[in-house]
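User: I would like the labels attached to this structure set against their cut-offs. Please keep it short.

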Amino acid sequence: MLIVMKFGGTSVGSAERIAEAARLAVDAAGKGHRVVVVTSAMSKVTDLLVDAAHTASRGKWDPAVRQQLLERHRQAVETLCAGNAADRDQVIAQIETQLDRFEKLCFGLSMVHELTPRLLDAISGTGELLAAPLVAAAIRAAGRPSSPVDATEVIVTTEQFGGAEPLPEPTAAKAAARLHPLIERGEIPVVTGFIGATADGVLTTLGRGGSDYSASILGAALDAGEVWIWTDVNGVMTANPSEVADARSMAEISYSEASELAYYGAKVLHYKTILPAFRKRIPVRILNSFNPAHPGTRVSVEGDTSTPGVKAVTSIRKVSLIAISGTGMQGIPGIVAKAFDVVAEQQANVLMISQASSENNICFVISSSEAPRVVRALRTALEVELLRGHIEEIADQAVAVVAAVGDRMRGTPGIAATVFGALGSSGINVIAISQGSSERNISLVVGEDHAAEAVRALHRAFHLDRAPVPVG
Ligand code: ADP
Ligand code: ASP
Ligand code: MG
């Protein structure tokens with residue numbers, strides 16, 4: 001079977017972690033699988049690159065950043081290539097080449113002071129280009145031929161810098177041409193996650209956390225048998241384990257549950273990861289590189305059909321609730337349409353929508369970074385309605401969205417009552433609520449400060465700390 005294996009930032013965060021990642025890839029190859037590795041940047045490197053870009057755009061370029069990146073990667077190379085000076089020198093040369101490019105970009109930026117999304121991608125994508133040669137060297141040291149592959153030669157994307165979308169057909173053609181010869185030679189290619197390139201070859205990124213997405217894009221492009229996401233927790237859990245101490249790992253979930261959880265804030269998977277794998281029905285596993293014996297989570301078509309009701313609780317932070325309200329809105333056609341035209345023009349992604357049945361208020365949730373611009377545009381587009389008093393107010397408020405997710409919530413009575421009961425008895429005010437017609441998700445808007453407590457209250461109320469009792 002062909003397995004595309006992705007290693008996240010913490011899984012390649014040091015020489016020891018990279019050696020372990022290499023061992024996991026080589027082990028699978030030893031069992032007769034063909035393996036393609038996708039690597040993230042070493043942990044925290046992307047943040048550092050993004051900061052460097054913003055600092056440079058303010059006219060400051062600090063050469064210490066280059067030195068810091070060089071030291072971190074060089075130390076790892078020294079350990080990974082101990083005893084093989086030729087390999088060490090070759091990898092260090094590859095790293096220096098990437099750092100030269102990074103330095104030139106930042107230096108240029110510090111002169112022109114204009115950080116475009118395109119330039120930010122070129123800079124922030126450097127982390128994966130630095131990591132791939134290290135992971136390939138570790139695989140060679142573990143006994144298998146391996147070489148780094150720059151995903152700009154493989155993944156063809158749209159020009160939406162900062163959140164590019166893959167173009168499946170050219171990507172499949174390039175992936176086959178670039179990777180199949182290596183795989184057929186018995187190599188384990190190491191492809192840079194997070195990045196791709198436009199048809200003209202300009203580097204793009206798939207959005208923060210996008211290496212998971214790279215893995216499923218490549219899995220689909222290569223018709224892989226499975227996609228394995230190696231991370232730092234035991235798979236997809238009933239809640240974020242850093243927020244809910246007794247969160248449990250789920251052995252099996254469906255594609256729809258996985259994408260719902262990812263979309264509603266479970267950082268363990270980038271929110272677009274599931275789609276390419278789902279289209280080709282490729283099973284996805286989420287595994288813990290710090291605890292590889294744990295079976296993790298398998299994502300499949302059916303999921304675990306024996307568990308009724310809510311399976312997991314998530315939260316999305318740094319979002320804002322935009323509310324358009326006024327008693328005069330009732331019966332005036334087109335206000336909702338106008339409002340959403342504005343949101344679409346501003347290219348803001350709407351996470352949830354809710355309208356009270358009185359029609360006196362429509363509200364929706366978008367990322368806080370987009371809120372000021374959307375509110376400004378709404379006030380301009382709805383100026384006449386505001387003047388006439390049909391709309392009294394367009395307001396925004398920093399909030400959090402908490403979501404309860406499960407395929408079999410449909411047809412399970414009493415879920416909403418449990419949700420409100422749990423939040424009510426914890427003294428948490430629900431600002432807005434929305435349930436998709438799929439009945440796979442109930443999302444609630446709560447005050448930012450109440451998010452963690454709301455997640456814990458729901459986790460407790462649905463007894464998610466305990467293994468589910470199978471039903472029918
Ligand atoms: P990687 O670097 O491997 O991509 P991430 O930090 O992006 O790892 O994602 C893993 C993290 O996701 C976990 O350490 C955990 O804190 C967080 N997380 C949030 N929600 C969940 C969840 N429901 N299940 C598992 N992990 C979650
Ligand atoms: N390195 C990128 C990030 O930190 C992509 C990833 O790790 O998935 O966002
Ligand atoms: Mg991640």
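The turns below take one residue and its sheet, label by label.

Analyst: This is a predicted model, in which local features need pLDDT of at least 70, side-chain atom pairs count only at pLDDT 80 or more, and totals for chains, interfaces and linings use all residues. Residues are numbered from 1 along each chain as its sequence is written, chains are lettered from A and ligands numbered from 1 in the order in which they are written, and side-chain values use heavy atoms, leaving out hydrogens and water.

User: Why is Glu252 called partly exposed?

Analyst: Buried means under 20% relative accessible area and exposed over 50%, with partly exposed in between (1.4 Å probe, protein chains only). Glu252 has 25%, so it is partly exposed.

User: What makes β8 an edge strand?

Analyst: Strands are DSSP runs of E, at least two residues, numbered from the N terminus, and two of them pair if DSSP finds at least two bridges between them. β8 (252–254) pairs on one side only, as does β3 (148–149). The open sheet runs β3-β4-β2-β1-β7-β9-β10-β8.

User: How do you know that β8 and β10 pair?

Analyst: Three bridges, in the parallel sense, link β8 to β10 (residues 297–300); the requirement is at least two. Glu252 has Arg298 as its bridge partner in β10.

User: What makes the link between the side chains of Glu252 and Arg298 a polar contact?

Analyst: The term requires a pair of N or O atoms within 3.5 Å; within protein, one must be able to donate a hydrogen and the other to accept it, and residues adjacent in sequence count only if both atoms are side-chain atoms. The side chains of Glu252 and Arg298 are joined at 3.2 Å, so the distance meets the cut-off.

Methods:
Helices (H or I, at least four residues) and strands (E, at least two) are DSSP runs, numbered from the N terminus.
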